[in-house]
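The following account leads through a structure by way of its chain interface, its helix packing and a few points of backbone geometry. The sequence and the coordinates are shown first.

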Amino acid sequence: MAVLVIAEHDGASLADATNKVVTAAAKLGGDVDILVAGEGAGDVAAAAAKVSGVRKVLHADGATVGKQLAEAMEALVVPLMAGYDAVLLAATTTGKNMAPRIAAKLDVMQISEITGVIDADTFERPIYAGNAMMTVKSSDAKKVITVRGTSFEAAGNDGSAAVESVAAPAGPFKSEFVSEEMVKSDRPELAGAKRVVSGGRALGSAEKFQEVIFPLADKLGAAVGASRAAVDAGYAPNDYQVGQTGKIVAPELYVAIGISGAIQHLAGMKDSKVIVAINKDEEAPIFQVADYGLVADLFVAVPELTSAL
Amino acid sequence: MKVLVPVKRVIDYNVKVRVKPDKTGVDLANVKMSMNPFDEISVEEAVRLKEAGTATEVVIVSIGPQQAQETIRTALAMGGDRGILIKTNETVEPLGVAKLLAKVVEEEKPDLVIVGKQAIDDDSNQTGQMLAALLDWPQGTFAYKLEKDGDSLTVTREVDGGLQTVKLALPAIITVDLRLNEPRYASLPNIMKAKKKEIAEKAPADYGVDISPRLTVVQVTEPPVRQAGEKVEDVATLVSKLKTAGVI
Ligand SMILES: Cc1cc2nc3c(=O)[nH]c(=O)nc-3n(C[C@H](O)[C@H](O)[C@H](O)COP(=O)(O)OP(=O)(O)OC[C@H]3O[C@@H](n4cnc5c(N)ncnc54)[C@H](O)[C@@H]3O)c2cc1C
Ligand SMILES: Nc1ncnc2c1ncn2[C@@H]1O[C@H](COP(=O)(O)O)[C@@H](O)[C@H]1O
């Protein structure tokens, strides 16, 4: 059995999500290799070689895979799969974009966002926004799997695998990268953060969101999240959305401020260790999952909390 | 430009689902069903393209039971031109759906297929990407903004970290994210008009593709239930509780 893990990275550093996928991959049994595809991403390949338990790193270096667009990644990965029984990717936007394309080309049914590995064919995954957990057994000869990071510990970094070059696919492809607008922040990254402070529709404006949520997040060294309503209203960038269709987080501390607690939001944060909710409506559903609930006007309570820390 | 929009009939997003005691699935008896919310956004986008003169025809397709016809009707009331129902009572997995849609694409020859990012029942997030692979078409997933210029489509995508813009050669597949648009409610006159629009009825067998499932459901269980904690009096109490809990 050989398993391929596709590295998640930004061209400069290897994302922790990759270490989590390696842990899931190891549970299938057999050898685990990592594929690093990028342009000038040699540092990432070197970092991947250090991930514990990895047999070898395949490094594809070229402009066509510089942004890991799905069309080019399909062309790279599908032929490599001749030597593997399974391919695992992080359930990030990059992973979700390319994985089904690879699966369809291999004529296998992808298993999305697994939260557990029962055996090499059987996996657990949430359905209906996490309101039910499904165990599925795959009859496909090869497996294509995306992995929910919050369900697996990150593998360590004490390995020393060899790095082997593989050719990047020759283009052109029918899709082309134009530009990107990335949110710059010195705060921890949402998906892996130990603490998260999230704001909802109640914040009322982007200014208030910044004025009220950011200082608390900074005091706690927390990442900032938001409900869909807050993102839709433009109070926070799309990248902040926590929930069924946004990011899944499971920090040690999650503070939900002015968020009602719709099932779609709960889907993204109910596995947090300690949940704090601040909401002026004592009937808000968020209190049903909160360890500590404070019924209060957030515009009074949050600044008070920030200065008390 | 002809646009094809696949729509799925799913449990309404407001319904709290219940797992069946025998662990075979979730209880769908007497539960409100609706169009997958992402598919409403796809239909809206297609209709807007038509209103702008960019699209010439909007064809709606659904794979599902007889009742999926109501879902198609809803899309027609929003402005779709005609529908195709591929009727089956079996669960068709995303790979099977993509294979059927690929056949519909061969017949209908659309220039653009607008798919939902994910169905809120299986949360798979696969069908659009699979369809793109089967057709060897480019894909613009999690679309936030679309712009057609000549033979290409510029798509701004919602990605982890922010937004990414890609340019796709048409024909192409788009999967839509929540903020692409705000879907309209169908007006009463349009609901009436939709009743007269054509819906062709087909069966999976008409397309000659193998849609037998690859995954067997071993069991469906309730997720661990989180116990509600306590309400605290004031900020000072909250801070001391958090300190005791060791999280600050
Ligand atoms: C297909 C689909 C996918 C979705 N995906 C997601 C997702 O991924 N993530 C997500 O979050 N949502 C998602 N949603 C939306 C979700 O259903 C809710 O609409 C959304 O989470 C509500 O956001 P909110 O709690 O900020 O707003 P509201 O529900 O409006 O809640 C605002 C809360 O603030 C409280 N409040 C108001 N003023 C104050 C004050 N001064 N002080 C304290 N409290 C105050 C109110 O009591 C209320 O509880 C999705 C919906 C659909 C249909
Ligand atoms: N049975 C179906 N009939 C029509 N469209 C579907 C069906 N299943 C999935 N789709 C489309 O594929 C999208 C993604 O679904 P999924 O891959 O299951 O998450 C949906 O939003 C629909 O646009």
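**Backbone geometry and helix packing across two chains**

Pro171(B) is placed in the loop that joins strand 9 (162-169) to strand 10 (172-176) of chain B. The peptide bond leading into this residue from Leu170(B) is cis, and its omega is near 0°. The model is a predicted one, and the backbone values given here are computed from it.

Chain A also has a cis peptide bond, running from Gly171(A) to Pro172(A), with omega near -5°. Pro172(A) lies in the loop between strand 10 (162-166) and strand 11 (175-182) of chain A. A further backbone feature of chain A is found at Gln68(A), where phi is near 50°, a positive value in a residue other than glycine. Gln68(A) belongs to the loop between strand 3 (56-61) and helix 3 of chain A.

Helix 3 of chain A leads on to a helix pair within that chain. Helix 3 and helix 4 of chain A pack with their axes 9 Å apart, at an angle of about 45°. The two helices are therefore oblique to each other, and helix 3 of chain A passes helix 4 of chain A in a right-handed crossing. On the side of helix 3 of chain A, the contact involves Ala70(A), Glu71(A), Met73(A), Glu74(A), Val77(A) and Val78(A); these meet Asn97(A), Met98(A), Arg101(A), Ile102(A), Lys105(A) and Leu106(A) of helix 4 of chain A. Sorted by class, this contact has seven nonpolar, one polar and four charged residues.

Two of the residues in this contact are also joined by a salt bridge: Lys105(A) pairs with Glu74(A), the closest N and O atoms being 3.1 Å apart. The pair links distant parts of the chain, since Lys105(A) is in helix 4 of chain A and Glu74(A) is in helix 3 (residues 70-80) of chain A, 31 residues apart.

What is the partner of Lys105(A) in chain B? Lys105(A) forms a salt bridge with Asp136(B), and here the closest N and O atoms are 2.6 Å apart. Across the interface of chain B and chain A, six salt bridges are found, while a search of the whole structure finds 37 over all chains.

The size of an interface is often given as the accessible area lost when the parts come together. Between chain B and chain A, the buried area is about 6800 Å², with carbon and sulfur atoms giving 55% of it. The contact draws 75 residues from chain B and 83 residues from chain A.

Helix 4 of chain A takes part in this interface. The axes of helix 4 (residues 93-106) of chain A and helix 4 (residues 127-135) of chain B come within 7 Å and cross at roughly 50°. That angle makes helix 4 of chain A oblique to helix 4 of chain B. From chain A, Lys96(A), Asn97(A), Pro100(A), Arg101(A), Ala103(A), Ala104(A) and Lys105(A) make the contact, with Gln129(B), Met130(B), Ala132(B), Ala133(B) and Leu134(B) on the side of chain B. By class, seven nonpolar, two polar and three charged residues make up this contact. The crossing is right-handed.

A further helix pair spans the two chains. Helix 8 (residues 298-308) of chain A packs against helix 6 (residues 235-244) of chain B at an angle of about 45°, with the axes 10 Å apart. This makes helix 8 of chain A oblique to helix 6 of chain B, and their crossing is right-handed. Ala301(A), Glu304(A), Leu305(A) and Ala308(A) of helix 8 of chain A meet Val235(B), Leu238(B) and Val239(B) of helix 6 of chain B. This contact has six nonpolar residues, no polar residues and one charged residue.

Definitions and conventions. Residues numbered from 1 in each chain as written. Chains lettered and ligands numbered in written order. Predicted model: local features only at pLDDT ≥ 70, side-chain atom pairs only at ≥ 80, totals over all residues. Heavy atoms only, no water. Axes fitted to C-alpha atoms, helices over the stretch in contact; angles between N-to-C directions. Helix = DSSP H or I, 4+ residues; strand = E, 2+ residues; numbered from the N terminus. Parallel < 35°, antiparallel > 145°, perpendicular 65-115°, else oblique. Left-handed = near helix turned anticlockwise from the far one by under 90°. Contact = heavy atoms within 4.5 Å. Nonpolar A, V, L, I, M, F, W, Y, C, P; charged D, E, K, R; others polar. Buried area = accessible area lost by both parts, 1.4 Å probe. Salt bridge = Lys/Arg side-chain N within 4 Å of Asp/Glu carboxyl O.
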